[in-house]
Amino acid sequence: MVAILQKRKLRDFDWLIALLAIAIVSFGAWEIHNAQPTEPYWQKQLIGLGIAMVAMAAIAFSDYRRLVELAPILYVFGLMLLVIVLIPHVGMKINGQRCWIKLPIAGQFQPSEFVKIPVVLMLAKYFGKHRTGLLTWKELFMGCLILGLPIGLILLEPDVGQAITYLPLLAIVLFLSSVRMWMVVAALVACIAGAPLAYTVGVKTGLLHGYKLERINVILDPENADKRGFGYHTWQSMVTVGEGGLTGARGSEYSQSSLKFLPEPHTDFIFAVTAETTGFLGCLLLLASYALLLTRLINDARRSRDRTGMLVIMAIVGGLIFQIFINVGMALGFLPVIGVPLPLMSAGLSSVLATFIAIGFAISVQLRRFVN
């Protein structure tokens with residue numbers, strides 16, 4: 001009987017999701033090497049991939065329902081990490097942001113990447129119960145509170161880009177939890193109509209100033225932007241993307257990234273490097289791989305045995321889609337630069353490990369769709 005169950009687990013294991021994730025990270029390591037050929041970032045990425053695969057397997061073969069029951073403990077632990085990173089001489093301060101903790105062997109560790117997991121589990125635990133009616137105001141408040149505490153701590157680092165990536169987690173869960181449609185419409189209208197108003201008020205009051213204002217102005221008026229100042233990142237990324245053409249530029253010795261014109265090519269602008277080295281066709285292949293991965297995850301969510309598992313997977317999907325959209329938008333120059341990594345592609349052990357853990361939860365839900 002044990003042998004039968006083991007065979008069934010191996011048969012039901014979603015190998016396509018795992019292989020797609022591994023393939024994207026491997027492709028990303030190659031692009032990281034193209035971006036920084038003299039640095040060991042690509043080697044660290046492959047080491048991180050090995051660690052992430054072990055973590056994914058460990059989560060996948062664990063019962064996600066038991067892990068969801070531990071969500072409050074994991075959530076509190078995550079908040080503690082976000083507090084610890086703010087302590088001087090404990091949290092590392094890089095480029096004005098105190099976002100990392102230095103570990104003896106693993107190197108830099110970014111708690112805000114991992115805290116997304118307990119936030120997703122906490123939201124799934126709270127909203128995963130059987131529903132017969134619409135969301136109440138109390139439930140809406142509790143959802144905002146669950147999300148608001150980590151976001152508030154992340155804004156103290158300050159890391160606005162990372163804080164923004166938390167918003168889709170709650171949005172997806174609320175949408176799938178019978179939120180009133182007038183609230184959805186009101187939120188969309190508020191976002192569309194409120195953006196110009198917020199920009200005007202921010203400029204008039206001085207709340208929006210310095211590099212934050214200038215990076216928005218680059219998007220609104222790119223022709224008059226200072227290409228050597230605050231518009232440098234956006235313009236260099238657009239030039240790098242254009243260099244790739246249809247099939248990619250030849251000769252890495254003359255590339256924008258290897259010549260150090262493109263800032264942060266191995267992290268924030270890895271999509272621009274991909275466009276330069278593989279061209280339009282390479283970018284299409286990468287986006288198609290993402291689409292297949294996300295479609296497979298959504299399919300697993302549809303086959304989940306309970307609402308909790310479905311919410312876990314769909315929150316993960318929402319977070320991944322949002323990050324891909326923001327990062328590609330930054331690289332193409334139609335969104336401001338806010339430092340959001342491209343999932344599975346950008347260099348960084350914390351991001352890769354957190355994403356693989358999230359995928360492990362999705363596979364765990366898939367494995368237990370027939371289990372009572």
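Biologist: Which loop does glutamate 264 lie in?
Modeller: First, this is a predicted model, where local features need pLDDT of at least 70, side-chain atom pairs count only at pLDDT 80 or more, and totals for chains, interfaces and linings use all residues. Residues are numbered from 1 along each chain as its sequence is written, and side-chain values use heavy atoms, with hydrogens and water left out. Helices are DSSP runs (H or I, at least four residues), numbered from the N terminus. Glutamate 264 sits in the loop between α13 (232-244) and α14 (270-302).

Biologist: What is the phi of glutamate 264?
Modeller: Most residues other than glycine have a negative phi. Glutamate 264 isn't a glycine, yet its phi is positive, at about 45°.

Biologist: Leucine 344 has a positive phi too, about 70°; is leucine 344 buried or exposed?
Modeller: Leucine 344 lies in the loop between α15 and α16. Buried means under 20% relative accessible area, exposed over 50%, and partly exposed in between (1.4 Å probe, protein chains only). Leucine 344 comes in at 2%, so leucine 344 counts as buried.

Biologist: Which helix gives the largest share of the largest nonpolar core?
Modeller: A nonpolar core is a set of buried Ala, Val, Leu, Ile, Met, Phe, Trp, Tyr and Cys residues joined through side-chain atoms within 4.5 Å. The largest one here has 96 residues. Its largest share, 14 residues, comes from helix α15 (residues 307-332).

Biologist: Which residue is joined to glutamate 157 by a cis peptide bond?
Modeller: Most peptide bonds are trans. Here omega is about -10°, and the cis bond links glutamate 157 to proline 158.

Key:
Helix = DSSP H or I, 4+ residues; strand = E, 2+ residues; numbered from the N terminus.
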